[in-house]
Amino acid sequence: MPKILIIEDDTSFAKMLQRFFTKKGYEVFLSSSGKDGSKQIKENAPDLILTDLRLPDLNGIQLIASIGENIPIIVMTGYAEVQTAVEAMKQGAFDYVSKPFTPDQILQTIEKALDKGERASSFVSKDIKESESNTDDDLNSGKEGKNVEFVSSATKKLDEYISLVAPTDMSVLIIGKSGSGKEVTAKSIHNKSKRHDKPFVALDCGAIPKELAASEFFGHLKGSFTGAVSDKVGSFEAASGGTLFLDEVGNLSYQNQIQLLRALQERKIKRIGSNKEIEVDVRIISATNEDLKEAVGRGNFREDLYHRLNEFSLQIPSLIERLEDLPVLAYHFLKVSNQKLGKNIQDFSNQVWDIFMTYHWPGNIRELQNIIKRAVLLTDGNEIIPDVLPSEMLAPSEITASSVNLTKEEFEKEQILNALKRTNYNKSKAAKLLQVTRKTLYNRIHHYNLDI
Ligand SMILES: Nc1ncnc2c1ncn2[C@@H]1O[C@H](COP(=O)(O)OP(=O)(O)OP(=O)(O)O)[C@@H](O)[C@H]1O
């Protein structure tokens, strides 16, 4: 079993990595300082070292220089430290990864580094390594064989990340298209966290007028502004001890971003009209369906806030990227709709399955849910047939699942143009068809420079 030493002073982050690598079959040691790290290198003889560059007692570059080239070292860097990371590589580090990174990214880098080390020393312990890796393969295939039947690899990976990050207090940024399950994911993280018996409060930042955002976040006292007819508890206070979910966080105005950042930095808020500071303990999970990094680049979203919200990011696959899950979801929605509507419809016809598996699902899981509910309502027989599906599914656009070989950007651009054509260039209707907000549609039109 390969041994990894993680030198990182952020202990909850280090523990999360430890759990992940242990699951992947590594033996993991933790150290929170350079001095202790050097001691552990002697005691535990790790096969690989993963180290932060900023350590409380030693600079990572000095540490790397003292280890030499015998053990592969991977350095973890903050977003502004790439230059130092390059320096670290000159000193002999194998590679660097910039935070935030997904566990899979770091795993790949580690495997690459170990593979290199293994080749270099293969003559020493080839037999042992071969027998160990065979056992690992058997275990992995056995594990997967149990539950891969109906679940896509994209969803399995997502579940794995949720379980990893849930017990920590890290801020999570969930990225995904509208209706893909971002809020469901946020709830799942909350339910698996130690805060699960405290409130989960969701705030749709896209729906609040910017003048009212501060009051929604922090609350207000009666009479503090026109319309403040009674005292109001804000979302931060309401979520105290629990989780605050900020949906469509990219839609916050610049002024609101500053207010949010201040509250996150100070962990204290004041209700509007009050001088009393209130300490708040909330975990922040936010979601976006636009590219926030790009919004940072354009100057529309504050970089400092972006990094504070994005200690860990989760990408939610669109339904079209997880079509293997569609049957499980479809039967689930059939069952729920039957219960709600007092029906007992058994199945979907073969033609319906064909349509489901080739449609492009711009509205993702929400669209599937709505379509099935409507179909259940309209069906008299035993089985759902194409007649009860919406007409846009029966005469689908030229864009279908098979066109996924377009790049993601080309595909999205096509979807937007298509929706606009089908609605006679009415942007409100096109946004509805795409199941995004008008603001998102405007942003995307601007992003793709669409001349309409
Ligand atoms: N894994 C799932 N199982 C069952 N239902 C799901 C699942 N994921 C999403 N849904 C359903 O799909 C709908 C959309 O999910 P959700 O609200 O989480 O998406 P979203 O990405 O947050 O959407 P938006 O971007 O519009 O806020 C909800 O009604 C939700 O119940």
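Which strands does α8 lie across, and at about what angle does α8 run to β13? I opened my notebook with that, keeping in mind that this is a predicted model.

**Entry 1: the helix and its sheet**

I found that α8 lies across β6, β7, β10, β13 and β14. Against β13, the helix runs at about 165°.

Next I looked up how the strands are arranged. They form an open sheet of five strands, in the order β7-β10-β13-β6-β14, and the pairing is parallel. β7 (200-204) and β14 (312-315) are the edge strands; each has a single partner, so one side of each has no neighbour in the sheet. On average, neighbouring strands here are turned by 20° against each other, direction ignored.

I then picked one pair for a closer look. β6 covers residues 172-175 and β13 covers residues 283-288; the two run parallel and are joined by four bridges. If you want one bridge to find on screen, try Ile-175, whose partner in β13 is Thr-288.

**Entry 2: around the ligand**

How many residues surround the ligand? I noted 14, and the closest are Gly-181, Lys-182, Glu-183, Val-184 and Arg-366. The helix from my first entry turns up again: α8 (182-191) supplies at least two residues of this shell, and so does α16 (364-378).

I also checked which domains take part. Domain 2 (158-315) and domain 3 (319-447) each give at least three residues to the shell. By residue kind, I wrote down two nonpolar, eight polar and four charged.

**Entry 3: two residues with positive phi**

Most residues other than glycine have a negative phi. I therefore looked up two that go the other way, Ala-45 and Glu-248.

Ala-45 is not a glycine, yet its phi is positive, about 40°. I located Ala-45 in the loop between α2 (34-44) and β3 (48-52). Glu-248 has a phi near 50°, also positive. Its place is the loop between β10 and α11 (254-266), and β10 (243-247) is one of the strands that α8 lies across.

Is each of these residues buried or exposed? Ala-45 has 11 other C-beta atoms within 10 Å, and because the cut-off for exposed is 12 or fewer, Ala-45 counts as exposed. Glu-248 has 22 C-beta neighbours inside 10 Å; 20 or more makes a residue buried, so Glu-248 is buried.

Technical notes: Residues numbered from 1 in each chain as written. Predicted model: local features only at pLDDT ≥ 70, side-chain atom pairs only at ≥ 80, totals over all residues. Near = placed C-beta within 6 Å. Nonpolar A, V, L, I, M, F, W, Y, C, P; charged D, E, K, R; others polar. Domains from an automatic or database assignment. Pairing = 2+ DSSP bridges. Axes fitted to C-alpha atoms, helices over the stretch in contact; angles between N-to-C directions. Contact = placed C-beta atoms within 7 Å.
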